[in-house]
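Subject: Structure handover and findings

Hello,

The structure we discussed is below. Please open it first, then read the notes that follow.

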Amino acid sequence: MIANRDDRRPETVVVVGNGMVGHRFCEQLSARDRCGRYQLVTFCEEARAAYDRVHLSEFFTHRDASRLALTTADWYSRNGIELYLGDAVVKIDRFAKTVHSREGRILSYDKLVLATGSAPFVPPIPGVDKSGVFVYRTIDDLEAMLAHGNKARSAAVIGGGLLGLEAAKAVHDMGLDTHVVEFSPRLMPRQLDDAGSRMLVSKISQLGVSVHLDRSTREILGDDHVDGLRFQDGATLPVDMVVISAGIHPRDELAKEAGLDLGPRGGVMINEGLLTSDPHIFAIGEVALFRGMVYGLVAPGYSMADVLAARLTGESAEFRGADLSTQLKLLGVDVASFGDYEADADVAKSLVFEDPIAGIYRRLLVSSDGRHLLGGILVGDASDFRKLLSLCRGGKPLPVSAASLVVSRGALPDVAATNLPEDPAESICSCNNVTLGALKAAIADGATTVEILKTCTRAGSGCGGCLPQVTDLLHRELACSGKAVNAALCEHFKFTRQELFQIVKVKEIRTFGELLESHGRGDGCEICKPTVASILASLWNEEILKDDHATLQDTNDRFLANIQRGGLYSIVPRVPGGEITPEKLIVLGAVAKKYGLYTKITGGQRIDLFGAPAHRLPDIWEDLVEAGFESGHAYGKALRTVKSCVGSTWCRYGVGDSVGFAIRIENRYKGLRAPHKIKGAVSGCTRECAEAQGKDFGLIATENGYNLYVCGNGGTRPRHADLLATNLDEETCIRYLDRFLMYYVTTADRLMRTSVWLEKLPGRLEHLKQVIIEDKLGIAADLEAMMQRVVDSYRCEWADVVRDPRKRAFFRQFVNTDETDPDIELIEERGQLRPADWPKDNGLVTTLTLPDGSEARSIDVDRTWVRVGKVSDFPADGGHAVRYGYLQIAVFRFACRGEWHATTNMCPHKQELVLARGIIGDADGEPKVACPLHKKTFSLRTGACLTGEPYSIDTFPVRIDGDNVLLLLPPPGRLASGPAVEQRRRATSCGVCSATAQAAGIGTTNGQNVGHSMT
């Protein structure tokens, strides 16, 4: 049946292909065709509607095709688009203007759009038809690879380009011994030069991936199944699986059979209007050939789709080519290229920086006069990509020397709204070709959040690299138009941190639950909980480990120490002003030796003790407190140190007692919680040995008193402090500091340093002087009173734990046994012990060898309910670990939801046993836990990583029986997750680690029967 069009009906536009570009065209034409001029029909060869092929490898993590979907079939029906899934067009009749499908459909068209994309190029190698040979293109391909991968141990990927390295990552993540075979003498030959390729090879070889360059595969070996490759030189490579990713070729067979003009090497030839040699047929995406180029990236395809949709709705848009700049992370290695990175030597000069130790390669091409950036290649560190790309596109003269650009990371200022291009046609989002003008128009039409802007323009929905610029532009445009900028703290509170501070203060709110109930929604998260905890501490200064506050804290505050590698902690006792007696120095050495701790002098004139397991912290603190030490608050967003030089105490140049004054100041403000850490310094003269002008506040002694500096900092963006007042006596200094610090605490945003806070204050330094010195707002007395309340209510948090048995119990490693587990391998270096390097492969280890020689696997057989503790053993709205055979399990008591959850205790990102110490909350109602180390978040319900990384964790059913907490588990010893077992085996067999475990009080029993004792 031929569907003929009545002239009174809309014109029929048939789209052949429903990939990313075909779907993009449907979206754009549907949105632009407000007069109903067209009826859209699209054919999709696969059984699934359009999905995200750019992030195809993420399927190996969640194995859920719906999470890659760009839309649903329902979207097409709602927009009046006919979608034929699982049906491909097999013939075009140009004279009858009809298409014929595989399922027998014959449809007339007025305009035909070819969006058939490309197909993997499969070289004519003998053996490509064997079982175990795959291409890497569709979800079906990946599902087949996964099924075969369960039986394979090693795999070779033929092709070392972008897609080949993506495929290599996929098979590497499957746990297979991975080889990359590339015909060219370098990896990514279209994007990298020889030196860049060498650096990339070095980096990915460190991950355990073998790279074979300049190799041509002659034959795939094996009978019915793959068992290896034979190269042209006769060498062989034994593998169980082969993935071919040797490039793509346009799927132009329909066009060829229809007689359309093709390029010599394929591709349907198009002009600037996307028109083929037939006036009624267009081509977009990877099937199209424009000026001899087939674009293999999604961004040019999107641009073609946008241009065609615009032209069909009456606009005069043209496709003039596309920027091939790209930024990728391949096998964990940053790789980027931009601009004309292959410019001829007669028009460009090349500058190269290579650091083989750090694994960084940068090659920039500048104009012959050195004034303009033309292009570049970055390997190992692409953090400057957006800045360099913006500079390259803008065509403006270099703001710094070309040499500093290539040598110094961060030589360019941040790309912010003030540095956005002025031309409305300039692209901000390369992936979706979204211009500055399009973004400004969308904001003018009512977009008020980044999410809305992403939805209506697609800016930031690709790689996400442009989001900082998009966000800054949005805020600037909203402010210029007099509209409110949405600066909500998180999804649970529609207020800013400053607004929440005032709410808590005025309403005298004392708990997070009270604030959430009155002014928030949901259950909170790793953003709002620590923020509110800090506000409560700044105002009321209650014990942060009080039941209402403990599980709000980030792990550092929750355990009153800094979490470090391996989930161990570092301890920094307070040394006010950096002055310490010999007796106390001896105590620190004795404590470090007793507990096997690594020691280091800090930049703040203190001594850091590394390597303390959480359950030994109270014991260590007890020894320190008994010797007169207090918590140094190195773990908190609080006052850290007040550094000093020796001043007039010893220095022949000193004019002020810098040590004595620094001690007084540090003892006054110790324990003050703030939006960010605070550091101070006092110098005894203008020689400035304490570096006071690089601190949040600093004092420099003069003949007439002290000069007070504020809002400086070191770090990645150093800032020289500003002079607030001169020639002050000590009492005036204290008064001004009270006001300054509490004004900062009251008005700064979350995690905002004083330097950034000052830059964002209206009137900046002049305003600050008016508030602090002149009392312009009439709040000076209030600020001083607030500070005095904090000073008067100070308690040493370590001493509170030491003296409270109930608090000490909170620090035990497992709630169900007093036995302990080292969980980390330590190695000796320069006479001290440190954690072994993180594994090169950060994926989950799914098969482990137990001490009895058997394999431990996560299996769902013979599960029984196992008692792991009492309800009261687990903190409300928090977690604690239990031990079950060789496995550590995190059990979470989600009291505010009336739920219990249990997961493996290991975060798969760095394979550390720390999840039980993470903050729990929700994301749009989904219960989650945030890893305390790097804030990766995981669903407590499914175990999926909610921050997009390719990780997941196991979850276990929980049941409450009276006061008993039970988990549904397999027999002990048959369940494993990650390298904990192997780490434990090494720790108990290695002489150094065994001694360390004994010194630190870490148990080394095998614990095989722990599971039975819990039943």
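A cavity here is a set of grid points where a 1.4 Å probe fits but cannot get out. Its volume is the space filled by probe spheres set on those points. Keep in mind that this is a predicted model.

Cavities first. The structure holds seven of 30 Å³ or more. The second largest has a volume of about 80 Å³. What lines the second largest cavity? Its lining includes Asn 541, Glu 542, Glu 543 and Ile 544. His 633, Gly 671 and Arg 673 also belong to the lining, as do Ser 793, Tyr 794, Arg 795, Glu 797 and Asp 800.

Now the chain overall. It has 29 helices and 53 strands. Of its 1015 residues, 53% are buried. Take the contacts with a separation of 6 or more: 63% of them join residues 24 or more positions apart.

Next, the nonpolar cores. In soluble globular proteins, nonpolar side chains tend to be buried together. The largest core in this model has 63 residues. Those with the most contacts inside it are Phe 493, Ile 665, Phe 697, Leu 699, Phe 740, Trp 757 and Leu 768. Helix α21 (residues 730-747) gives the largest share of this core, ten residues. Another core, of 53 residues, lies apart from it; Val 21, Val 41, Ile 284 and Met 304 are among its members.

Leu 768 merits a look of its own. Setting aside residues up to four places away in sequence, Leu 768 touches Val 710, Cys 711, Leu 724, Phe 740, Tyr 743, Trp 757, Leu 758, Leu 761 and Ile 773.

Two strands deserve a view in the graphics window.

Start with β33 (residues 639-644). Six of its six residues are buried, so the strand is largely enclosed by the rest of the structure. β33 runs parallel to strand β34 (residues 678-683), and four bridges join the two. Leu 639 stands opposite Ile 678 in β34. Which hand does the β-α-β crossover from β33 to β34 have? The chain passes through helix α20 (residues 658-669) on the way, and the crossover is left-handed. Please check that one by eye.

Then turn to β8 (residues 111-114). In a regular strand the side chains alternate between the two faces of the sheet. In β8, Lys 111 and Val 113 point one way, Leu 112 and Leu 114 the other, and all are buried. Strand β2 (residues 11-16) is joined to β8 by four bridges, in parallel. Strand β20 (residues 281-283) also pairs with β8 in the parallel sense, over three bridges. Val 113 has a partner in each: Val 15 stands opposite Val 113, and Phe 282 in β20 is its bridge partner.

Last, two helix residues.

Leu 146 sits in helix α4 (residues 139-149). Its relative accessible area is 12%, below the 20% cut-off, so Leu 146 is buried. Beyond residues up to four places away in sequence, Leu 146 touches Phe 59, Phe 60, Arg 63 and Met 174. Leu 146 and Arg 63 are 83 residues apart along the chain, yet their C-alpha atoms are separated by 9.5 Å.

Asp 306 is in helix α8 (residues 298-312). Asp 306 is buried too, with a relative accessible area of 13%. With the same sequence neighbours left out, Asp 306 touches Arg 24, Gln 28, Arg 32 and Asn 432.

Best wishes

Terms used. Residues are numbered from 1 along each chain as its sequence is written. This is a predicted model: local features need pLDDT of at least 70, side-chain atom pairs count only at pLDDT 80 or more; totals for chains, interfaces and linings use all residues. Side-chain values use heavy atoms; hydrogens and water are left out. A nonpolar core is a set of buried Ala, Val, Leu, Ile, Met, Phe, Trp, Tyr and Cys residues joined through side-chain atoms within 4.5 Å. Buried means under 20% relative accessible area, exposed over 50%, partly exposed in between (1.4 Å probe, protein chains only). Contact means heavy atoms within 4.5 Å. Two strands pair if DSSP finds at least two bridges between them. A crossover is right-handed if, with the strands pointing away from the viewer, the path from the first strand over the helix to the second runs clockwise. On a 1 Å grid over the protein atoms alone, a cavity is a set of points where a 1.4 Å probe fits but cannot get out, and a pocket is an open set with protein on both sides within 12 Å along at least five of seven lines; lining residues have an atom within 4 Å of a point.
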